[in-house]
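Reader: Got a minute to walk me through this one? I'd like to hop around a bit.

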Amino acid sequence: MNNIICVCGHENPEGTVLCGSCGRPLTEEAENQKLVDMRYEGTARRSQTFNKSIVDKIWNFFSSVKIGVSLIIIILVAAAIGTILPQVLYVPATGAEDIAAYYERVYGTFGKLYYELGLSDLYGSWWFQTLIGMLGISLIVASLDRVIPLYKSLKKQRTRRHESFMKRQRIFGLGENQLGEDTWTKSEEKLKELHYHVKREDGAILGEKGRFSRWGPYINHLGLIIFLFGVMLRALPGFYVDETMWIREGETRAIPETPGYYLKSEEFILETYDKEQAGEVFEEAIDRVGTIASNYQTDVVLYKKPEDALPGQTDKLEEVKKDSIQVNHPLKFEGFSVFQMDFRLDELRAMHFNLSNKASGESLGEISIDLVDPEKSYDLGNGSKVELLGYYPDFSGFENGEPQTKSPVPNNPAFLVKMTTPETPDGETSFVAIKQTVEPLGDNAYKLEFQNVETRDISGLTVRKDKTLWILALGGLIFMIGVAQGSYWNHRRIWIHETKEGRLAVAAHTNKNWLSVKKDLDAVTEVAGLPPYTDQHDLEASEEKKDGEKSS
Amino acid sequence: MAQTKQKRLIVRTSILVILVVAIVYTIYTSATKEKVEVLAVGDEAPNFTLVDLNGEEHRLSDYKGQGVFLNFWGTWCKPCAKEMPAMDRQYEVFRSQGVQTLAVNIAQSDFEVQRFTDQYGLDFPVVIDRTKSVMEAYNINPLPTTMLINQDGKIERIITGEMTEQDIASFMEQIKPD
């Protein structure tokens, strides 16, 4: 590794453009420039210092701003592609086959392609997450590579810089000292009045303010990194839970992903606005739409199983609390929130039948079959009974003469029953379904006549726990602090030197808002009689313009 | 100079390694999240206790020292129904060799389960998971799912989908205690 030793004796790492101490240009390129490039104070970005081992090569890859920007663009494009069709999560299908079929059916060949390329689950794909991870590495490496040399360089900057440094500043002036020694004291006073930190040595003044604005971008990156870290934590167990559960009125169910909690639904309530009571506010809307829901609510009891209880042991559940879950009023416990998200009304709960004589229409009594917990036999008390031979909650047809059910949910209940009456002591077999009665063993004298149903509602609840939220908020806050720091403050420096010939040289630099630093310098010039300065950038620009005019 | 270079190499390598490990771990866990196998082969099988149709309590830990063929099922699930008779036959073969069969029904009514077991003449204990808490603990998604639990109470294998009689025999053989 070759260090560059400046004329002033300061040792600079390879790749340095401007001497860290006196500011002399160290490269031929810098020497030939009219204005110096003040980015990172002309220090060697760490990645540029050497390029030898494989680790350094990887490091340099991530340190590159070009790579960082390319990653951002690739991620943006990919994220945009993910919005063309709905993601798997929002598709009303479950199971790989159904989902594939859904994409093809709804979106045609393009949908099929989209699904097969894995774009339907883009944000969860390994390659998208890898890109985000690489962006994270890029943020960290590129920031470290720049902030450390910049910090060191600003910390050890000298008050007196070399004339060649001064001359190459955008704002530069050279002239006679009109006030002699006075000019130093007056400059210092005025700079201090303008809230500059002033360093003074023999024949040189450095006024500096707002250096911390230079850390803005890095604070900003830090915020982003914290944010990404928070998102990363979601993948770890215990930090993030997002589950749905359906619970019927009267049911007790284990709450998914929670340590031994059970929920019992007492009642689901759907309320609508009453035209009379809601008055003027909703009157018009109610007239237009018909009904407007005013409340979705599930009354629940939260239970916890005792420490020593095992899954499946439900007789010893301890009641934790009763609560009403409403929209925006979740049930909260141990970091979990249970939200009211969805509902289904009127699932069949029980069915009532009349056992009646087909010929005379005479009824022998009524039975009620609980669809959740049917009984084996229903005794009507007058020597008649109905025995349940089979129950098919979601009847889907016969297979080899055997009734089938396609789910355990009572969507289409059907029963195989044996009816015994004093008149028919041997019993008659009948298959009873909604709108369908089959008498497999010949004509019966009696039938089960459908009366009515009892129904119950189902609540759709979301169980959520997010321990990363405060990390995301912190990351966002730090991000914004960084933005403000870099945007609303400027790093300004004003150098005043006595040259070897006894003349006065002034130079100024800022990272943004040149008008303000000129105003500051004007104010100092006025009291301290500094030589007039020129904005060499303007000169350069106007020369370029002239060149441009000529060539066109 | 050689020293700073050495230091730099170590610092850079460690930063990169930490970042890469963190990212790879994150991607790995989120990629496998869908099939959340909170339970994996080699894990301790979560203990539970459920009551069978005869009112008898079955606690998994009571079967320590035996292999347990733990089958999750429902009456509406056709592959479940298909494998039941084969399971029953193999249960008769292996019960004397220390392999217990336990069928866990997912929250159905006594009537349906009883009728099903009568229809198929099942002899092994059938328990009902009324609150789905055992299903939750074992993270059962498709039915049927079968867990092979060895004599040490560790999960030996997780099988989702229908099994042939041959499969069942070889699985029971696998968890036969020494």
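Reader: Let's start with A:D370: buried, partly exposed or exposed?

Author: A:D370 is partly exposed, at 25% relative accessible area. Buried here means under 20% relative accessible area, exposed means over 50%, and partly exposed is in between, using a 1.4 Å probe and protein chains only.

Reader: Before I go on, what kind of model is this, and how is stuff numbered?

Author: It's a predicted model, where local features need pLDDT of at least 70 and side-chain atom pairs count only at pLDDT 80 or more, while totals for chains, interfaces and linings use all residues; side-chain values use heavy atoms, leaving out hydrogens and water. Residues count from 1 along each chain as its sequence is written, with chains lettered from A and ligands numbered from 1 in the order in which they are written.

Reader: Cool. Which strand holds A:D370?

Author: A:D370 is in strand β13 of chain A, residues 363-370. Strands are DSSP runs of E, at least two residues, and helices are runs of H or I, at least four, both numbered from the N terminus.

Reader: And how far is A:D370 from A:K447 in space?

Author: They sit 19 Å apart, C-alpha to C-alpha, with their positions 77 residues apart in sequence.

Reader: Switching topic: what's the order of strands in the six-stranded open sheet of chain A?

Author: The order is β4-β5-β22-β23-β3-β24, with antiparallel pairing. Pairing needs at least two bridges found by DSSP between the two strands.

Reader: Which strands are at the edges?

Author: β4 (197-201) and β24 (534-535) of chain A, each pairing on one side only. β24(A) pairs with β3 (171-175) of chain A over two bridges, and A:I171 has A:D535 as its bridge partner there.

Reader: Any parallel pairing in chain B?

Author: Yes, β4 (99-106) and β5 of chain B run parallel and are joined by four bridges. B:N105 has B:I128 in β5(B) as its bridge partner.

Reader: Which way do the residues of that β5 point?

Author: B:V126 and B:I128 point one way, B:V127 and B:D129 the other, and all are buried.

Reader: Now aromatics. How many pairs over all chains?

Author: The count is 28. Rings of Phe, Tyr and Trp (its six-membered ring) pair if their centres lie within 6.5 Å; planes under 30 degrees apart are stacked, over 60 edge-to-face, and the rest tilted. One of the pairs is A:Y261 with A:F333, tilted, at 4.5 Å centre to centre and 50° between the planes. That pair links distant parts of the chain, 72 residues apart: A:Y261 is in β8 and A:F333 in β11, both of chain A.

Reader: Are those two buried or exposed?

Author: Both A:Y261 and A:F333 are buried. Then there's B:F116 with B:Y120, also a tilted pair, at 4.6 Å and 35°.

Reader: Where do B:F116 and B:Y120 lie?

Author: Both are in helix α3 of chain B, four residues apart, about one turn of the helix. B:F116 is buried at 7% relative accessible area, while B:Y120 is partly exposed at 32%.

Reader: Last thing: which helix gives the largest share of the nonpolar patch?

Author: Helix α4 (65-81) of chain A, with five residues. A:I73 is in that helix and is partly exposed at 48%.
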